[in-house]
Amino acid sequence: MADNLQTLAQQDPEVYKIIKNEENRQQLMLEMIASENHTSPAVMEAQGSCLTNKYAEGLPRKRYYGGCDHVDEAEELAIDRCKALFGCEHVNVQPHSGSQANMAVYFSCLQPGDTILAMDLSHGGHLTHGSKVNFSGKLYNIVSYGVKEDTKMIDYDQVAELAKQHNPKLIIAGASAYPRKIDFEKFAQIAKDNDAKLLADIAHIAGLVCTQLHPDPIPVCDFVTTTTHKTLRGPRSGITMCKEEYAKSINSCVFPRMQGGPLCHVIAAKAIAFAEALKPDFKSYSEQVIKNSKSLADALLSKGFDLCSGGTDNHLNLVDLRPYDANVTGADAENWLHDAGIVVNKNLIPFDTRKATETSGIRIGTPALTTRGLTEEHMPLIANWFDTALSSKGDSTAIENIRKETEELCKSFPVPH
Ligand SMILES: *Cc1c(COP(=O)(O)O)cnc(C)c1O
């Protein structure tokens with residue numbers, strides 16, 4: 001493979017080696033962390049470009065620094081393409097990450113101590129949705145909803161009841177570990193009935209939303225935030241979209257309230273990713289992500305694994321390991337599968353009795369596998385490896401054999417570079 005890091009190799013062999021080792025790891029392991037993906041070479045080139053040198057506090061054509069003509073064009077492109085992709089009224093493309101994208105919304109419509117109604121972390125929510133260890137849990141009064149114990153689907157009756165009882169200023173719809181469609185219209189009705197603002201955090205499902213494979217939150221929500229690096233397959237970053245009436249407030253919350261200079265190189269990379277996502281190819285890719293996820297669900301079920309909610313509508317599955325083997329924890333599964341060449345993460349399942357460092361579940365996603373070209377034909381193979389690795393309880397011979405097979409598959413489907 002062509003190596004474009006020759007200057008680095010000469011100047012700093014230590015860091016060069018680390019990057020090459022990571023590149024090798026990504027090429028030779030099956031990436032099944034649901035929040036990860038392999039972004040395009042064009043996106044990575046922009047992120048490695050001279051745009052990183054530029055300060056550009058402010059908005060395009062209204063900067064606090066000179067010399068911004070070209071980065072202005074890049075940011076305007078990113079904004080225009082994002083609007084075309086999601087059909088939003090306004091977007092700020094400067095948040096550095098999904099967490100910053102959410103922070104901008106909270107700063108825009110809440111005062112410290114105000115109430116947020118959001119999904120519980122242990123039921124699939126995100127740290128920024130009110131976890132005690134996160135700024136959101138420290139600054140605001142958090143009320144949490146969850147999923148129903150029997151169906152593992154969002155309990156919309158509970159959302160409505162809690163909204164009525166606690167009068168939240170903001171309701172958040174969105175999750176990091178929820179395998180089903182989210183009914184944004186139901187959330188919108190509840191928000192309207194209780195005079196609350198509604199934020200849809202589509203960090204995980206953005207690529208499915210912009211390809212119409214998941215119901216669209218844009219028409220019914222005040223704010224929509226997302227990361228750009230998960231199913232959307234762009235650079236590691238975030239964006240905050242909103243209705244026009246909140247545009248000024250969101251802009252001033254991103255800068256100067258919460259961030260300094262934007263990352264111009266990442267904004268250019270976001271522009272590239274939005275253009276990629278606007279192509280028909282990206283819709284076929286996203287359809288394949290879901291096909292693979294459903295096919296993997298069927299294959300896992302046939303091997304005796306239990307899935308929260310019984311299956312999936314999107315890019316991820318949440319495996320409850322207890323019915324398969326009550327003694328195997330999520331941490332065990334993560335370690336054994338890793339040694340077998342498959343990267344997943346342990347994950348709390350709803351109503352989990354184990355701690356977060358142990359867990360009774362794993363979360364598995366298909367976006368990265370699909371990017372390297374795997375299809376539904378390969379999913380039974382992967383389910384088989386899960387079964388062999390876990391039933392052997394990490395036996396080193398069994399794991400070593402799987403490792404050879406996963407590596408072969410990886411070599412036949414290289415990561416685009
Ligand atoms: C990943 C994620 C985020 C935050 O993303 P970072 O870029 O890691 O800050 C926010 N919300 C949800 C629901 C997520 O899944």
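Visitor: How do the residues of the shell around the ligand divide into nonpolar, polar and charged?
Guide: The shell has 2 nonpolar, 9 polar and 2 charged residues. Here Ala, Val, Leu, Ile, Met, Phe, Trp, Tyr, Cys and Pro count as nonpolar, Asp, Glu, Lys and Arg as charged, and the others, Gly among them, as polar. This is a predicted model, where local features need pLDDT of at least 70, side-chain atom pairs count only at pLDDT 80 or more, and totals for chains, interfaces and linings use all residues. Residues are numbered from 1 along each chain as its sequence is written, and side-chain values use heavy atoms, with hydrogens and water left out.

Visitor: Which residues are the closest to the ligand?
Guide: Gly98, Ser99, Ser176, Asp201 and Lys230, out of 13 that surround the ligand (a heavy atom within 4 Å).

Visitor: Which helix gives the largest share of that shell?
Guide: Helix H5, residues 98-109, with 3 residues (helices are DSSP runs of H or I, at least four residues, numbered from the N terminus).

Visitor: How far is the polar side-chain atom of Ser176 from an oxygen atom of the ligand?
Guide: The distance is 2.7 Å. For Ser97, a polar side-chain atom lies 3.3 Å from a ligand oxygen, and a polar backbone atom of Gly98 is 2.9 Å from one.

Visitor: Switching to domains. What does the assignment give?
Guide: Domain 1 is 45-277 and domain 2 is 283-412, with bounds from an automatic or database domain assignment. Their C-alpha centres lie 28 Å apart.

Visitor: How many residues does the contact take from each?
Guide: 23 from domain 1 and 23 from domain 2, with contact meaning heavy atoms within 4.5 Å.

Methods. Polar contact = N/O pair within 3.5 Å; in protein donor to acceptor, adjacent residues only side chain to side chain. Helix = DSSP H or I, 4+ residues; strand = E, 2+ residues; numbered from the N terminus.
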